[in-house]
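Reader: I have a model in front of me and would like to learn how to read its contacts. Could you take me through them slowly?

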2 protein chains.
Amino acid sequence: MGETIQSVERAAAILRLLAGRRLGVAELARATALPKGTLHGILRTLVHVGFVEQDAATGKYRLGATLLHLGSSYLDVNELRARSLNWADGLAGRSRESVWIGTLHEGQVLVIHHVFRPDDSMQILQVGAYLPARTTALGKVLLAHDPYEESGGDELDLVRSRGWAADLEELEEGEVSLAAPIKDPSGVVVGAIGIRGALERLTRDGEVDMRYVSYVREAARAITRDLAR
Amino acid sequence: MGETIQSVERAAAILRLLAGRRLGVAELARATALPKGTLHGILRTLVHVGFVEQDAATGKYRLGATLLHLGSSYLDVNELRARSLNWADGLAGRSRESVWIGTLHEGQVLVIHHVFRPDDSMQILQVGAYLPARTTALGKVLLAHDPYEESGGDELDLVRSRGWAADLEELEEGEVSLAAPIKDPSGVVVGAIGIRGALERLTRDGEVDMRYVSYVREAARAITRDLAR
DNA sequence: CACGATGTTCGACAATGCCGAACGCTCGGG
DNA sequence: CCCGAGCGTTCGGCATTGTCGAACATCGTG
(Lines give C-alpha, C1' and ligand atoms only; values in the text may rest on other atoms or scores of the structure.)
Protein backbone atom coordinates (compact mmCIF):
# COMPACT_ATOMS: atom_id res chain seq x y z
CA MET A 1 0.00 0.00 0.00
CA GLY A 2 1.29 3.41 -0.94
CA GLU A 3 1.68 6.62 0.94
CA THR A 4 -1.05 8.30 2.90
CA ILE A 5 -1.94 11.96 3.34
CA GLN A 6 -0.63 13.26 6.62
CA SER A 7 -3.21 15.91 7.43
CA VAL A 8 -6.18 13.70 6.63
CA GLU A 9 -4.83 10.91 8.77
CA ARG A 10 -4.29 13.34 11.62
CA ALA A 11 -7.81 14.66 11.23
CA ALA A 12 -9.16 11.12 11.46
CA ALA A 13 -7.11 10.47 14.58
CA ILE A 14 -8.59 13.58 16.16
CA LEU A 15 -12.12 12.45 15.36
CA ARG A 16 -11.48 9.08 16.95
CA LEU A 17 -10.10 10.74 20.06
CA LEU A 18 -13.19 12.90 20.28
CA ALA A 19 -15.53 9.90 20.12
CA GLY A 20 -17.78 10.07 23.14
CA ARG A 21 -16.11 12.98 24.96
CA ARG A 22 -15.12 16.61 24.81
CA LEU A 23 -11.45 17.54 24.59
CA GLY A 24 -9.56 20.81 24.38
CA VAL A 25 -6.68 21.69 22.09
CA ALA A 26 -4.19 21.19 24.87
CA GLU A 27 -5.56 17.77 25.77
CA LEU A 28 -5.42 16.72 22.14
CA ALA A 29 -1.87 18.05 21.88
CA ARG A 30 -0.84 15.80 24.72
CA ALA A 31 -2.62 12.78 23.29
CA THR A 32 -1.21 13.16 19.78
CA ALA A 33 2.17 14.75 20.52
CA LEU A 34 1.44 17.45 17.94
CA PRO A 35 2.00 21.18 18.31
CA LYS A 36 -1.03 23.15 19.41
CA GLY A 37 -0.92 25.33 16.34
CA THR A 38 -1.07 22.37 13.99
CA LEU A 39 -3.98 20.89 15.87
CA HIS A 40 -5.84 24.13 15.82
CA GLY A 41 -5.61 24.31 12.04
CA ILE A 42 -7.07 20.84 11.63
CA LEU A 43 -9.77 21.52 14.21
CA ARG A 44 -10.74 24.75 12.50
CA THR A 45 -11.19 22.84 9.26
CA LEU A 46 -13.18 20.07 10.92
CA VAL A 47 -15.44 22.66 12.50
CA HIS A 48 -15.87 24.32 9.13
CA VAL A 49 -17.09 21.10 7.51
CA GLY A 50 -19.35 20.28 10.45
CA PHE A 51 -17.52 17.19 11.64
CA VAL A 52 -16.62 18.88 14.92
CA GLU A 53 -18.37 21.46 17.06
CA GLN A 54 -16.86 23.78 19.60
CA ASP A 55 -18.49 24.31 22.93
CA ALA A 56 -19.21 28.02 23.11
CA ALA A 57 -18.77 28.15 26.88
CA THR A 58 -15.66 26.06 27.54
CA GLY A 59 -13.93 26.22 24.15
CA LYS A 60 -13.61 22.45 24.09
CA TYR A 61 -14.30 20.41 20.99
CA ARG A 62 -16.78 17.59 20.42
CA LEU A 63 -18.03 15.61 17.42
CA GLY A 64 -20.45 17.37 15.10
CA ALA A 65 -23.90 16.59 13.79
CA THR A 66 -22.74 15.93 10.24
CA LEU A 67 -21.05 12.78 11.49
CA LEU A 68 -24.33 11.45 12.80
CA HIS A 69 -25.82 11.74 9.36
CA LEU A 70 -22.80 10.23 7.62
CA GLY A 71 -22.84 7.34 10.05
CA SER A 72 -26.45 6.58 9.37
CA SER A 73 -25.74 6.86 5.65
CA TYR A 74 -23.33 4.00 6.08
CA LEU A 75 -26.29 1.82 7.04
CA ASP A 76 -28.17 2.76 3.89
CA VAL A 77 -25.47 1.22 1.73
CA ASN A 78 -24.79 -1.76 3.95
CA GLU A 79 -25.96 -4.84 2.10
CA LEU A 80 -26.04 -7.07 5.15
CA ARG A 81 -28.18 -4.67 7.08
CA ALA A 82 -30.64 -4.13 4.24
CA ARG A 83 -31.21 -7.85 3.76
CA SER A 84 -31.48 -8.51 7.48
CA LEU A 85 -34.22 -6.04 8.35
CA ASN A 86 -37.22 -8.25 7.66
CA TRP A 87 -35.73 -11.39 9.13
CA ALA A 88 -34.73 -9.58 12.30
CA ASP A 89 -38.29 -8.46 12.88
CA GLY A 90 -39.51 -11.99 12.35
CA LEU A 91 -37.01 -13.34 14.84
CA ALA A 92 -38.05 -10.73 17.38
CA GLY A 93 -41.67 -11.75 16.92
CA ARG A 94 -41.01 -15.46 17.34
CA SER A 95 -38.58 -15.22 20.23
CA ARG A 96 -40.15 -12.19 21.88
CA GLU A 97 -36.63 -11.00 22.73
CA SER A 98 -34.47 -8.16 21.45
CA VAL A 99 -32.59 -8.97 18.26
CA TRP A 100 -29.07 -7.85 17.40
CA ILE A 101 -27.03 -7.98 14.21
CA GLY A 102 -23.32 -7.23 14.28
CA THR A 103 -20.06 -7.33 12.35
CA LEU A 104 -16.51 -7.67 13.53
CA HIS A 105 -14.74 -4.33 13.37
CA GLU A 106 -11.40 -3.48 14.94
CA GLY A 107 -11.64 -6.48 17.23
CA GLN A 108 -15.04 -5.58 18.57
CA VAL A 109 -18.64 -6.23 17.61
CA LEU A 110 -20.14 -3.29 15.76
CA VAL A 111 -23.93 -3.33 16.11
CA ILE A 112 -25.53 -2.55 12.75
CA HIS A 113 -29.11 -3.41 13.63
CA HIS A 114 -31.11 -3.70 16.80
CA VAL A 115 -34.77 -4.59 17.27
CA PHE A 116 -36.26 -3.90 20.65
CA ARG A 117 -37.95 -6.61 22.63
CA PRO A 118 -41.66 -6.53 21.80
CA ASP A 119 -43.93 -4.93 24.40
CA ASP A 120 -41.08 -3.49 26.37
CA SER A 121 -40.22 0.14 26.48
CA MET A 122 -37.26 1.98 27.99
CA GLN A 123 -34.57 0.37 25.86
CA ILE A 124 -31.84 2.48 24.35
CA LEU A 125 -30.81 1.98 20.80
CA GLN A 126 -27.39 0.42 20.37
CA VAL A 127 -26.80 0.74 16.63
CA GLY A 128 -23.28 1.98 16.06
CA ALA A 129 -22.11 0.89 19.49
CA TYR A 130 -19.30 -1.57 20.11
CA LEU A 131 -19.89 -4.71 22.14
CA PRO A 132 -17.04 -6.78 23.57
CA ALA A 133 -16.20 -9.74 21.34
CA ARG A 134 -15.26 -12.34 23.93
CA THR A 135 -18.23 -12.06 26.26
CA THR A 136 -21.14 -11.91 23.82
CA ALA A 137 -22.65 -14.59 21.64
CA LEU A 138 -22.38 -12.32 18.60
CA GLY A 139 -18.69 -11.79 19.26
CA LYS A 140 -17.96 -15.47 19.79
CA VAL A 141 -19.57 -16.39 16.50
CA LEU A 142 -17.63 -13.68 14.67
CA LEU A 143 -14.31 -14.52 16.30
CA ALA A 144 -14.77 -18.24 15.66
CA HIS A 145 -15.02 -17.55 11.93
CA ASP A 146 -12.51 -14.72 11.74
CA PRO A 147 -9.81 -15.65 9.21
CA TYR A 148 -7.28 -13.44 11.00
CA GLU A 149 -7.91 -14.99 14.40
CA GLU A 150 -5.87 -18.18 14.72
CA SER A 151 -6.81 -20.94 17.14
CA GLY A 152 -9.41 -19.20 19.25
CA GLY A 153 -9.38 -21.92 21.88
CA ASP A 154 -11.69 -24.83 22.65
CA GLU A 155 -14.83 -22.74 23.07
CA LEU A 156 -14.50 -21.04 19.71
CA ASP A 157 -13.74 -24.38 18.05
CA LEU A 158 -17.00 -25.69 19.46
CA VAL A 159 -18.84 -22.60 18.25
CA ARG A 160 -17.49 -23.09 14.76
CA SER A 161 -18.31 -26.78 14.57
CA ARG A 162 -21.82 -26.66 15.97
CA GLY A 163 -22.78 -23.39 14.29
CA TRP A 164 -23.97 -21.22 17.19
CA ALA A 165 -22.72 -19.51 20.33
CA ALA A 166 -24.09 -18.61 23.73
CA ASP A 167 -23.10 -16.19 26.47
CA LEU A 168 -24.43 -17.07 29.90
CA GLU A 169 -24.27 -13.99 32.11
CA GLU A 170 -20.79 -13.17 30.83
CA LEU A 171 -21.55 -9.57 29.90
CA GLU A 172 -24.34 -8.78 32.33
CA GLU A 173 -25.74 -10.60 35.31
CA GLY A 174 -28.98 -12.42 34.59
CA GLU A 175 -28.63 -11.84 30.86
CA VAL A 176 -28.13 -14.48 28.19
CA SER A 177 -27.36 -14.05 24.51
CA LEU A 178 -27.43 -16.49 21.58
CA ALA A 179 -26.10 -15.99 18.06
CA ALA A 180 -25.42 -17.70 14.73
CA PRO A 181 -23.27 -16.76 11.72
CA ILE A 182 -24.40 -15.06 8.50
CA LYS A 183 -22.38 -15.93 5.39
CA ASP A 184 -21.95 -14.21 2.06
CA PRO A 185 -22.29 -16.11 -1.23
CA SER A 186 -18.65 -17.23 -1.10
CA GLY A 187 -19.14 -18.77 2.34
CA VAL A 188 -17.25 -16.13 4.32
CA VAL A 189 -18.89 -15.09 7.58
CA VAL A 190 -19.77 -11.41 7.24
CA GLY A 191 -21.90 -10.96 10.34
CA ALA A 192 -23.94 -12.58 13.05
CA ILE A 193 -27.51 -12.36 14.27
CA GLY A 194 -28.65 -13.13 17.77
CA ILE A 195 -31.04 -12.46 20.61
CA ARG A 196 -30.51 -11.28 24.15
CA GLY A 197 -32.79 -11.75 27.13
CA ALA A 198 -33.26 -12.80 30.72
CA LEU A 199 -31.67 -15.99 32.01
CA GLU A 200 -34.99 -17.40 33.20
CA ARG A 201 -36.58 -17.12 29.79
CA LEU A 202 -33.79 -18.41 27.58
CA THR A 203 -32.61 -21.34 29.73
CA ARG A 204 -34.11 -24.41 31.41
CA ASP A 205 -32.34 -26.12 34.31
CA GLY A 206 -29.19 -24.17 33.57
CA GLU A 207 -29.12 -25.30 29.93
CA VAL A 208 -29.87 -23.14 26.91
CA ASP A 209 -33.41 -23.70 25.65
CA MET A 210 -32.82 -25.22 22.21
CA ARG A 211 -36.02 -23.77 20.80
CA TYR A 212 -34.43 -20.31 20.89
CA VAL A 213 -31.28 -21.66 19.29
CA SER A 214 -33.40 -22.94 16.43
CA TYR A 215 -35.08 -19.58 15.97
CA VAL A 216 -31.73 -17.82 15.79
CA ARG A 217 -30.11 -20.35 13.46
CA GLU A 218 -33.10 -20.32 11.14
CA ALA A 219 -32.97 -16.55 10.90
CA ALA A 220 -29.22 -16.67 10.20
CA ARG A 221 -29.70 -19.25 7.45
CA ALA A 222 -32.53 -17.24 5.94
CA ILE A 223 -30.36 -14.11 5.68
CA THR A 224 -27.49 -16.16 4.28
CA ARG A 225 -29.80 -17.49 1.58
CA ASP A 226 -31.06 -13.97 0.96
CA LEU A 227 -27.52 -12.69 0.41
CA ALA A 228 -26.93 -15.38 -2.20
CA ARG A 229 -29.72 -14.13 -4.42
CA MET B 1 -12.51 32.89 10.15
CA GLY B 2 -9.01 31.97 9.16
CA GLU B 3 -7.64 29.60 6.62
CA THR B 4 -8.64 25.99 6.30
CA ILE B 5 -6.68 22.89 5.36
CA GLN B 6 -7.25 21.96 1.76
CA SER B 7 -6.83 18.20 1.89
CA VAL B 8 -9.01 17.79 4.95
CA GLU B 9 -11.76 19.84 3.43
CA ARG B 10 -11.57 17.79 0.26
CA ALA B 11 -11.72 14.58 2.24
CA ALA B 12 -14.87 15.82 3.98
CA ALA B 13 -16.42 16.71 0.64
CA ILE B 14 -15.73 13.20 -0.60
CA LEU B 15 -17.38 11.68 2.45
CA ARG B 16 -20.47 13.79 1.94
CA LEU B 17 -20.64 12.74 -1.69
CA LEU B 18 -20.40 9.12 -0.67
CA ALA B 19 -23.32 9.43 1.76
CA GLY B 20 -25.85 6.81 0.82
CA ARG B 21 -24.26 5.55 -2.40
CA ARG B 22 -21.22 3.97 -4.00
CA LEU B 23 -19.05 6.03 -6.31
CA GLY B 24 -15.91 5.34 -8.30
CA VAL B 25 -12.84 7.53 -8.61
CA ALA B 26 -13.94 8.74 -12.04
CA GLU B 27 -17.41 9.69 -10.82
CA LEU B 28 -15.93 11.57 -7.89
CA ALA B 29 -13.52 13.31 -10.25
CA ARG B 30 -16.43 14.58 -12.29
CA ALA B 31 -18.37 15.70 -9.22
CA THR B 32 -15.49 17.53 -7.59
CA ALA B 33 -13.54 18.68 -10.65
CA LEU B 34 -10.37 17.28 -9.14
CA PRO B 35 -7.73 15.17 -10.88
CA LYS B 36 -8.15 11.44 -10.46
CA GLY B 37 -4.71 11.10 -8.95
CA THR B 38 -5.46 13.61 -6.23
CA LEU B 39 -8.71 11.89 -5.39
CA HIS B 40 -7.07 8.54 -5.22
CA GLY B 41 -4.59 9.75 -2.65
CA ILE B 42 -7.33 11.04 -0.40
CA LEU B 43 -9.41 7.91 -0.88
CA ARG B 44 -6.46 5.71 -0.04
CA THR B 45 -6.03 7.59 3.21
CA LEU B 46 -9.73 7.44 4.03
CA VAL B 47 -9.70 3.70 3.43
CA HIS B 48 -6.66 3.39 5.67
CA VAL B 49 -8.42 5.08 8.58
CA GLY B 50 -11.61 3.10 8.03
CA PHE B 51 -13.83 5.99 7.00
CA VAL B 52 -14.27 4.52 3.53
CA GLU B 53 -14.39 0.98 2.21
CA GLN B 54 -13.71 -0.21 -1.30
CA ASP B 55 -15.92 -2.76 -2.96
CA ALA B 56 -13.67 -5.68 -3.80
CA ALA B 57 -15.67 -6.60 -6.90
CA THR B 58 -16.38 -3.28 -8.58
CA GLY B 59 -13.60 -1.12 -7.15
CA LYS B 60 -16.10 1.53 -6.16
CA TYR B 61 -15.96 3.30 -2.84
CA ARG B 62 -18.54 3.55 -0.04
CA LEU B 63 -18.60 4.84 3.52
CA GLY B 64 -16.89 2.73 6.17
CA ALA B 65 -17.96 1.21 9.43
CA THR B 66 -15.85 3.54 11.55
CA LEU B 67 -18.18 6.37 10.58
CA LEU B 68 -21.15 4.51 11.98
CA HIS B 69 -19.44 4.33 15.32
CA LEU B 70 -18.30 7.95 15.26
CA GLY B 71 -21.81 9.04 14.37
CA SER B 72 -23.32 7.19 17.27
CA SER B 73 -20.62 8.63 19.51
CA TYR B 74 -21.97 12.04 18.64
CA LEU B 75 -25.19 11.08 20.36
CA ASP B 76 -23.35 10.10 23.52
CA VAL B 77 -22.12 13.65 23.99
CA ASN B 78 -25.28 15.35 22.82
CA GLU B 79 -26.79 17.06 25.83
CA LEU B 80 -30.21 17.52 24.29
CA ARG B 81 -30.51 13.89 23.40
CA ALA B 82 -29.36 12.66 26.79
CA ARG B 83 -31.90 14.81 28.63
CA SER B 84 -34.70 13.90 26.25
CA LEU B 85 -34.54 10.13 26.48
CA ASN B 86 -36.84 9.62 29.45
CA TRP B 87 -39.34 12.26 28.44
CA ALA B 88 -39.59 10.84 24.94
CA ASP B 89 -40.52 7.44 26.28
CA GLY B 90 -43.16 9.03 28.48
CA LEU B 91 -44.63 10.91 25.56
CA ALA B 92 -44.72 7.73 23.49
CA GLY B 93 -46.55 5.97 26.29
CA ARG B 94 -49.17 8.69 26.71
CA SER B 95 -49.80 9.39 23.04
CA ARG B 96 -49.25 5.83 21.83
CA GLU B 97 -47.58 7.30 18.76
CA SER B 98 -44.00 7.38 17.55
CA VAL B 99 -41.91 10.19 19.04
CA TRP B 100 -39.24 12.20 17.23
CA ILE B 101 -36.64 14.67 18.44
CA GLY B 102 -34.75 16.78 15.94
CA THR B 103 -32.41 19.73 15.45
CA LEU B 104 -31.98 22.10 12.56
CA HIS B 105 -28.87 21.23 10.60
CA GLU B 106 -27.94 22.56 7.19
CA GLY B 107 -31.48 23.63 6.54
CA GLN B 108 -32.98 20.25 7.31
CA VAL B 109 -34.24 18.44 10.37
CA LEU B 110 -31.65 16.05 11.75
CA VAL B 111 -33.35 13.30 13.76
CA ILE B 112 -31.39 12.69 16.95
CA HIS B 113 -33.89 10.45 18.71
CA HIS B 114 -36.77 8.27 17.63
CA VAL B 115 -39.08 6.13 19.73
CA PHE B 116 -41.20 3.60 17.90
CA ARG B 117 -44.95 3.57 18.29
CA PRO B 118 -45.80 1.16 21.09
CA ASP B 119 -47.07 -2.26 19.99
CA ASP B 120 -46.13 -1.73 16.39
CA SER B 121 -43.33 -3.51 14.71
CA MET B 122 -41.81 -3.09 11.27
CA GLN B 123 -40.66 0.49 11.71
CA ILE B 124 -37.22 1.50 10.55
CA LEU B 125 -35.06 3.61 12.74
CA GLN B 126 -34.58 7.15 11.52
CA VAL B 127 -31.91 8.50 13.85
CA GLY B 128 -29.32 10.34 11.79
CA ALA B 129 -31.70 10.84 8.87
CA TYR B 130 -32.72 14.22 7.50
CA LEU B 131 -36.38 15.22 7.30
CA PRO B 132 -37.58 18.13 5.17
CA ALA B 133 -38.00 21.30 7.21
CA ARG B 134 -41.01 22.85 5.54
CA THR B 135 -43.35 19.86 5.50
CA THR B 136 -42.90 18.47 8.99
CA ALA B 137 -44.06 19.79 12.33
CA LEU B 138 -40.53 19.43 13.73
CA GLY B 139 -39.15 21.49 10.89
CA LYS B 140 -41.75 24.22 11.18
CA VAL B 141 -41.03 24.66 14.87
CA LEU B 142 -37.30 24.85 14.23
CA LEU B 143 -37.60 27.24 11.30
CA ALA B 144 -39.99 29.48 13.20
CA HIS B 145 -37.37 29.99 15.90
CA ASP B 146 -34.31 29.98 13.69
CA PRO B 147 -32.41 33.25 14.20
CA TYR B 148 -30.94 33.05 10.70
CA GLU B 149 -34.31 32.58 9.02
CA GLU B 150 -35.94 35.96 8.52
CA SER B 151 -39.69 36.37 8.10
CA GLY B 152 -40.75 32.79 7.61
CA GLY B 153 -44.23 33.78 6.50
CA ASP B 154 -47.60 33.78 8.18
CA GLU B 155 -47.63 30.11 9.11
CA LEU B 156 -44.28 30.27 10.90
CA ASP B 157 -45.34 33.45 12.68
CA LEU B 158 -48.35 31.57 13.98
CA VAL B 159 -46.18 28.65 15.03
CA ARG B 160 -43.90 30.96 16.95
CA SER B 161 -46.68 32.81 18.70
CA ARG B 162 -48.80 29.85 19.74
CA GLY B 163 -45.87 27.57 20.56
CA TRP B 164 -46.56 24.48 18.46
CA ALA B 165 -46.75 23.30 14.85
CA ALA B 166 -48.68 20.72 12.87
CA ASP B 167 -48.25 19.05 9.51
CA LEU B 168 -51.43 17.63 8.02
CA GLU B 169 -50.54 15.11 5.32
CA GLU B 170 -47.84 17.41 3.99
CA LEU B 171 -45.07 14.85 4.01
CA GLU B 172 -47.03 11.64 3.62
CA GLU B 173 -50.64 10.93 2.79
CA GLY B 174 -52.74 10.05 5.81
CA GLU B 175 -49.96 11.04 8.21
CA VAL B 176 -50.01 13.89 10.70
CA SER B 177 -47.22 15.26 12.84
CA LEU B 178 -47.19 17.66 15.80
CA ALA B 179 -44.22 19.34 17.48
CA ALA B 180 -43.16 21.92 20.08
CA PRO B 181 -39.87 23.72 20.73
CA ILE B 182 -37.19 22.81 23.26
CA LYS B 183 -35.14 25.72 24.64
CA ASP B 184 -31.78 25.91 26.33
CA PRO B 185 -31.25 27.87 29.55
CA SER B 186 -30.72 31.12 27.63
CA GLY B 187 -34.04 30.75 25.82
CA VAL B 188 -32.67 29.78 22.44
CA VAL B 189 -34.52 26.98 20.67
CA VAL B 190 -32.08 24.08 20.33
CA GLY B 191 -34.45 21.37 19.17
CA ALA B 192 -37.99 20.16 18.86
CA ILE B 193 -39.96 17.16 20.03
CA GLY B 194 -43.02 15.79 18.34
CA ILE B 195 -45.18 12.82 17.44
CA ARG B 196 -46.27 11.38 14.14
CA GLY B 197 -49.25 9.16 13.41
CA ALA B 198 -52.32 8.43 11.35
CA LEU B 199 -54.72 11.22 10.43
CA GLU B 200 -57.72 9.42 11.94
CA ARG B 201 -56.08 9.13 15.34
CA LEU B 202 -54.59 12.62 15.72
CA THR B 203 -57.46 14.68 14.32
CA ARG B 204 -61.20 15.09 14.88
CA ASP B 205 -63.44 16.55 12.19
CA GLY B 206 -60.42 17.77 10.28
CA GLU B 207 -59.01 19.63 13.29
CA VAL B 208 -55.99 18.63 15.34
CA ASP B 209 -56.99 16.87 18.56
CA MET B 210 -55.77 19.28 21.23
CA ARG B 211 -55.13 16.52 23.74
CA TYR B 212 -52.16 15.41 21.67
CA VAL B 213 -50.93 18.97 21.39
CA SER B 214 -50.92 19.15 25.17
CA TYR B 215 -48.94 15.94 25.48
CA VAL B 216 -46.32 17.24 23.08
CA ARG B 217 -46.06 20.70 24.61
CA GLU B 218 -45.80 19.28 28.12
CA ALA B 219 -42.96 17.01 27.06
CA ALA B 220 -41.19 19.93 25.39
CA ARG B 221 -41.53 22.09 28.51
CA ALA B 222 -40.30 19.25 30.70
CA ILE B 223 -37.14 18.85 28.64
CA THR B 224 -36.62 22.62 28.59
CA ARG B 225 -36.82 22.65 32.39
CA ASP B 226 -34.46 19.68 32.52
CA LEU B 227 -31.87 21.51 30.41
CA ALA B 228 -31.96 24.44 32.84
CA ARG B 229 -30.83 22.34 35.76
C1' DC C 1 -2.94 40.13 41.65
C1' DA C 2 0.18 37.24 39.34
C1' DC C 3 0.49 32.89 37.70
C1' DG C 4 -0.49 29.02 34.88
C1' DA C 5 -3.64 27.23 32.05
C1' DT C 6 -6.43 27.73 28.13
C1' DG C 7 -7.59 28.71 22.84
C1' DT C 8 -5.79 31.50 19.20
C1' DT C 9 -2.79 34.03 15.68
C1' DC C 10 1.12 34.63 12.76
C1' DG C 11 5.05 34.26 9.45
C1' DA C 12 9.06 31.75 7.60
C1' DC C 13 10.56 27.54 5.95
C1' DA C 14 10.53 23.26 3.43
C1' DA C 15 8.27 19.26 3.55
C1' DT C 16 4.14 17.91 1.78
C1' DG C 17 0.61 16.76 -1.00
C1' DC C 18 -0.84 18.23 -5.61
C1' DC C 19 -1.11 17.44 -10.46
C1' DG C 20 -1.17 15.31 -15.16
C1' DA C 21 0.53 11.96 -17.92
C1' DA C 22 1.20 7.20 -18.32
C1' DC C 23 0.19 2.44 -16.68
C1' DG C 24 -2.42 -2.06 -16.46
C1' DC C 25 -6.77 -3.84 -16.45
C1' DT C 26 -11.66 -5.11 -17.51
C1' DC C 27 -15.39 -4.75 -20.20
C1' DG C 28 -18.47 -4.62 -24.33
C1' DG C 29 -19.21 -3.68 -29.19
C1' DG C 30 -17.78 -4.25 -33.80
C1' DC D 1 -11.47 -11.97 -31.63
C1' DC D 2 -9.58 -7.56 -31.26
C1' DC D 3 -9.84 -2.97 -30.36
C1' DG D 4 -10.94 1.09 -27.70
C1' DA D 5 -13.11 3.36 -24.01
C1' DG D 6 -13.59 3.28 -19.54
C1' DC D 7 -11.97 2.08 -15.11
C1' DG D 8 -8.66 2.30 -10.75
C1' DT D 9 -3.90 2.95 -9.95
C1' DT D 10 1.11 4.53 -10.01
C1' DC D 11 4.75 7.84 -10.34
C1' DG D 12 7.98 11.90 -10.04
C1' DG D 13 8.78 16.95 -10.47
C1' DC D 14 7.29 21.30 -8.92
C1' DA D 15 5.45 24.77 -5.92
C1' DT D 16 1.82 25.14 -3.28
C1' DT D 17 0.48 23.82 1.19
C1' DG D 18 0.50 22.79 5.68
C1' DT D 19 3.55 22.54 9.42
C1' DC D 20 5.88 24.40 13.31
C1' DG D 21 7.08 27.17 17.54
C1' DA D 22 6.97 31.32 19.57
C1' DA D 23 4.14 35.06 20.88
C1' DC D 24 -0.70 36.62 21.85
C1' DA D 25 -5.17 37.39 24.40
C1' DT D 26 -8.04 35.53 27.72
C1' DC D 27 -9.74 33.13 31.42
C1' DG D 28 -10.00 31.10 36.07
C1' DT D 29 -7.54 30.40 40.30
C1' DG D 30 -4.53 30.01 44.26
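Author: Let us begin with one pair of side chains, bearing in mind that the model is a predicted one. The side chains of B:E79 and A:R22 meet in a salt bridge, with 3.9 Å from N to O.

Reader: How many salt bridges are counted between chain A and chain B, and how many residue pairs are in polar contact there?

Author: The count of salt bridges between chain A and chain B is 2, while the residue pairs in polar contact number 15, taking pairs in which both residues have pLDDT 80 or more.

Reader: Which elements of chain A give two or more residues to the side that touches chain B?

Author: On that side of chain A, the elements giving two or more residues are helix 1, helix 3, strand 2 (61–63), helix 4 (65–77), helix 5 (79–95) and strand 4 (108–115). Helix 4 of chain A gives the most, with 13 residues. Sorted by class, the side of chain A that touches chain B has 29 nonpolar, 17 polar and 13 charged residues.

Reader: How should I read the size of such an interface?

Author: The general idea is that interface size is often given as the accessible area lost when the parts come together. In this model, chain A and chain B bury about 5000 Å² between them, and 70% of that lies on carbon and sulfur atoms. Within chain A, the residues that lose the most area to chain B are A:L68, A:Y74 and A:V77, which together make up 13% of what that side buries. The contact takes 59 residues from chain A and 59 residues from chain B.

Reader: Let us turn to the DNA. Which residues come nearest to DNA strand C, and what part of the strand do the protein's neighbouring atoms belong to?

Author: One reads such a surface by asking who is close, and then which atoms are involved. Around DNA strand C there are 21 residues, of which A:Q6, A:G24, A:A26, A:H40 and A:Y61 come nearest. Of the strand C atoms within 4 Å of the protein, 81% belong to sugar or phosphate and the rest to bases.

Reader: Where do polar side-chain atoms of A:H40 and A:K36 lie relative to DNA strand C?

Author: For A:H40, a polar side-chain atom lies 3.0 Å from a phosphate oxygen of DNA strand C, whereas for A:K36 the partner is a base nitrogen of that strand, at 3.4 Å. Chain B takes part as well, since an N or O atom in the side chain of B:T38 is 2.8 Å from a phosphate oxygen of DNA strand C. Helix 3 of chain A supplies the largest share of the surface near this strand, 4 residues, and by class that surface divides into 6 nonpolar, 11 polar and 4 charged residues.

Reader: What surrounds DNA strand D?

Author: DNA strand D is surrounded by 20 residues, the closest being A:T38, B:Q6, B:G24, B:A26 and B:Y61. Sugar and phosphate account for 77% of the strand D atoms that come within 4 Å of the protein. A polar side-chain atom of A:T38 lies 2.8 Å from a phosphate oxygen of DNA strand D. Backbone N or O atoms also approach phosphate oxygens of this strand, that of B:Q6 to 2.6 Å and that of B:V25 to 2.8 Å. The largest share of the surface near DNA strand D, 4 residues, comes from helix 3 of chain B.

Definitions and conventions:
Residues are numbered from 1 along each chain as its sequence is written. Chains are lettered from A and ligands numbered from 1 in the order in which they are written. Side-chain values use heavy atoms; hydrogens and water are left out. A residue is near a molecule or strand if one of its heavy atoms lies within 4 Å of it. A polar contact is a pair of N or O atoms within 3.5 Å; within protein, one must be able to donate a hydrogen and the other to accept it, and residues adjacent in sequence count only if both atoms are side-chain atoms. Ala, Val, Leu, Ile, Met, Phe, Trp, Tyr, Cys and Pro count as nonpolar, Asp, Glu, Lys and Arg as charged, and the others, Gly among them, as polar. Contact means heavy atoms within 4.5 Å. Buried area is the accessible area (1.4 Å probe) that two parts lose on being put together, summed over both. A salt bridge is a side-chain nitrogen of Lys or Arg within 4 Å of a carboxyl oxygen of Asp or Glu.
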